[in-house]
Each structure stands twice: as structure tokens, then as C-alpha cells.
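Please open the model in a viewer and keep the sequence panel at hand. The tour begins with the whole chain and then moves to selected residues.

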Amino acid sequence: MIEWLERVDPDRLFLTADGRSWSYAEAVERVASRVQPHPVLVRPTLTANSVFDLLAAVSGGGATVVGPTPETNTAAETDLVVFTSGSTGTPKGVRLTKANLEAAASASQRHLGHGPDDVWLLSMPLHHVGGLSIVVRQVYAGGAIALLPKFEGAAVAGAIRDGVTMMSVVPTMLARLLDHGPFEGLRAVLVGGGPIPAGLLERARDVGLPVLPTYGMTETFGQVATLRPDAPLGYRAHPLPGVELRIEPDGRIAVKGPQVSPGYVCEPDRAVPWFVTNDLGEIDDEGAVTVVGRSDTVIVTGGENVSPESVENVIESHPAVEEAVVVGVPDPDWGQMVVCVYRGEPGDIEQWVRERLPAFMVPKRWIQVPYLPSTSLGKPDREAARSLALAE
């Protein structure tokens, strides 16, 4: 990483945070002083020091593990270990190489056209790929990073007025930003990390946010597909340069390309070039992918398969509902019962859903809560929601 920093004009802005700023020359100095020639465990917070610590660690001579615990047997070709979000189960340590990181950064730059004059907002956790990939792609492109330790609508709007041109958000972040528009000066807002509620992209465009649905995962170090900036607004994403996508016979999305991780911690390298995800999707005539759900969250009830993401989209389109998570719980009659845990006001929500979905997809229980459990990245924590449903 330090060699990427050194090739940029040393006087260019690299990072702003907490009212301070650092040039590329200052970044090189701080990173160089932290480099260690052996494996490093980093537990980053969303601070400038963590940015420098991470860049130094990956520039060193051993595998950098980002997460709660050190890992062993990472394999010789591993430069970085990042843990999956764990929103549907136990987090897994993903092994990544510097070649993976460079391929991901290069593909993003070629697809979106961002460069040295762009400022990317960093308000996502650095212990997940969402935040890490922003740092890596900006260092690769020679651009700047504006760090905000917490995503708050007013503060983000202020950062945009101060020159932020690129952003990455999950749908819940985007929804919290809408009331602070209109917006000007942004070139792209990548929206990913979970299902996008129907109508959210349209409302975002109405207030001046150039939203681009994006698809990626820890195993690919972030985005592998993003709606092209010149394409009509839609809920699909075009593959980045060098990335191939296909749909497996069981409906799962498979990915191939130089940014795909060789494998997981304590496991051998992947034997085949295609990485088969747990995401269910469709690919259109342009090669763009639309994610329709996850195979590991499908609820089997009364012999029927229910995609919880599809049900959530309908529920969240009701004006009284702010957020919803749909889960399955054991049931002696149905096998699994469809349950909705939601934040909002009670009302005719069930009837709303019945008018829009087949009967077997309609939740049989409704649990209203003051807040929905989520992961540190803002994704719905399905296991925590399921525990709430089981406790009722």
C-alpha cells in the first residue's frame, strides 16, 4: 500500500477527519513509521489513526487480520484477512491478496471513472469490507477520503457541501439522508449491502442523489457489479471490468475474476475459479444482475419457498412501516412459520401484504419493536431477529 501512496503528488490531499487534514506526503510518513515485517492483528475504529494503521499493516511482511481475534494457518499468499458480516450466521475469515485488492480498486476506477479529483466519504466500519474498500480504492486512484466517525444526515449533508463527490451507503443510511437534501456536486452514491426497498432509489434521485445499486461481498473485496453511471435508473447492477457473472442451476449467483478471494482462513485455496455465492439472482440481456434474495435465508413453509427479502420489500412499502425483517421459526404444522419483526406503527399492514403477495408468503405473526437489531454495518441481523421471534 505504501508504494501506492508514494506515487501520488505528495502535496495532494489524502484524508480529512475531526477538523484535521493530511497530505499524501504526511500519509507516507505516518504509514512508514508503523510498518512491521510480520503478521499483524488490527482492531480498527473509524479514526484517522486506524486508516494509517491498516495501510501500514498491509504494507508489511505478513498477513493482516482485521477482526476480533487473531487467526492462524492463513496460507502464504494471504495479505489481508477480513471477516464476513455474520448477518446470517457465524462470521468467516476471508483471505485476500494484494493482487485481489489491486484488481478490485482498478475495476472500480474503470467502471465508475473516479480519480484524483474525487473525495470519497468514509463513514462505514473499517473492520468490514465496506469501509476498507473505500480506503484501498482511493489510495489506488490517488483521491481523497473524508472521514466521518458516525453517519448522521446533517453531518453527511455538510460533508457533501464541503466537496464529497463519492459515497457508499447501505439502504438504511440512504433513507436517513433523504430529508437533508437537495444535494449537488455528487458524482455517485453506491447503494448495496442488502435489499433496497422499492421506491427508495427514485426518492433519492428526486433530491439529487445519483444513486447506483451495487453488488459485492467480502469474498470479492467489495463491488463486482454496479449500475453504470450512464444507465437508466434501475435495481440492477452491471459487472465491473474483468468480472464474469453467471446463474447456477439452483439460482445462485457465481462470480469469477481476479478480485475473488482464494479461500477462507484454515481452508485450502478454492479449487475452481468460480465462486458460488449464497445470493439468488437473475441476469438480463445486458449482463446486469438483479439480486432477488439469499438461498440461506429462504423459509420453507407448508412446502412453499418464501424469500424473506421479497416479503420485506412489500412490507416496507407500507407508509406506517419504517423497517422490517422477516424470518422463519419452527412450527409443527407448517414446518416453518413466517414471522415479521418490524419497526413502525400498527395498522392494516397484514391486509396490505395480502393484497400484494400469495397467501403462503404473508407473515402469520407480527412483532412490533422499538428498534430492529442490525450488524455494525447496518445490515439486518437475522439471527437476532429470529431470537426475538422465538422469545415471543
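How many positive and how many negative side chains does the protein have, and how far apart do the centres of the two sets lie? Colour the charged side chains: 32 are positive and 48 are negative, and the centres of these two sets lie 2 Å apart. Please bear in mind throughout that this is a predicted model.

**The whole chain**

Switch to a cartoon representation, in which 11 helices and 23 strands can be traced. The protein is as compact as a globular protein of its length, because its radius of gyration of 21 Å is close to the 21 Å that the globule rule gives for 392 residues. Along the principal axes, the C-alpha atoms fill a box of roughly 65 × 50 × 45 Å.

Next, display the molecular surface. Its accessible area comes to about 16,700 Å², and carbon and sulfur atoms account for 50% of that. Of the 392 residues, 55% count as buried. Where contacts link residues at least 6 apart in sequence, 57% of them join residues at least 24 apart.

**First stop: L212**

Select residues 211–217, which form strand β11, and centre the view on L212 within it. Is L212 buried or exposed? Its relative accessible area is 2%, so L212 is buried. Show the residues around it: beyond four places in sequence, L212 touches L112, the run A188, V189, L190 and V191, then R205, and finally T226, L227, R228 and P229. For a distance check, pick the C-alpha atoms of L212 and V289; these residues are 77 apart along the chain, and the atoms are separated by 13 Å.

**Second stop: E312**

Move to helix α9, residues 308–316, and select E312. This residue has a relative accessible area of 4% and is therefore buried. Which backbone nitrogen lies 2.8 Å from a polar atom of the E312 side chain? The nitrogen belongs to V326. With neighbours within four places in sequence left aside, the contacts of E312 are A324, V325, V326 and R382.

**Third stop: A385**

Finally, select helix α11, residues 382–391, and find A385. At 0% relative accessibility, A385 counts as buried. Its contacts, again without neighbours within four places in sequence, are V325, V327, V341 and P373. V325 has thus appeared at two stops, in contact with E312 and with A385. To close, draw a line between the C-alpha atoms of A385 and S374, which are 11 residues apart along the chain: the separation is 8.8 Å.

Note on methods
Residues numbered from 1 in each chain as written. Predicted model: local features only at pLDDT ≥ 70, side-chain atom pairs only at ≥ 80, totals over all residues. Heavy atoms only, no water. Helix = DSSP H or I, 4+ residues; strand = E, 2+ residues; numbered from the N terminus. Rg over C-alpha atoms; globule rule 2.2 N^0.38 Å. Buried < 20%, exposed > 50% of the residue type's maximum accessible area, 1.4 Å probe, protein only. Contact = heavy atoms within 4.5 Å. Areas by Shrake-Rupley, 256 points an atom, 1.4 Å probe, with all protein chains shown as cover. Lys, Arg positive; Asp, Glu negative; His and termini not counted. Charge placed at Lys NZ, Arg CZ, Asp CG, Glu CD. Polar contact = N/O pair within 3.5 Å; in protein donor to acceptor, adjacent residues only side chain to side chain.
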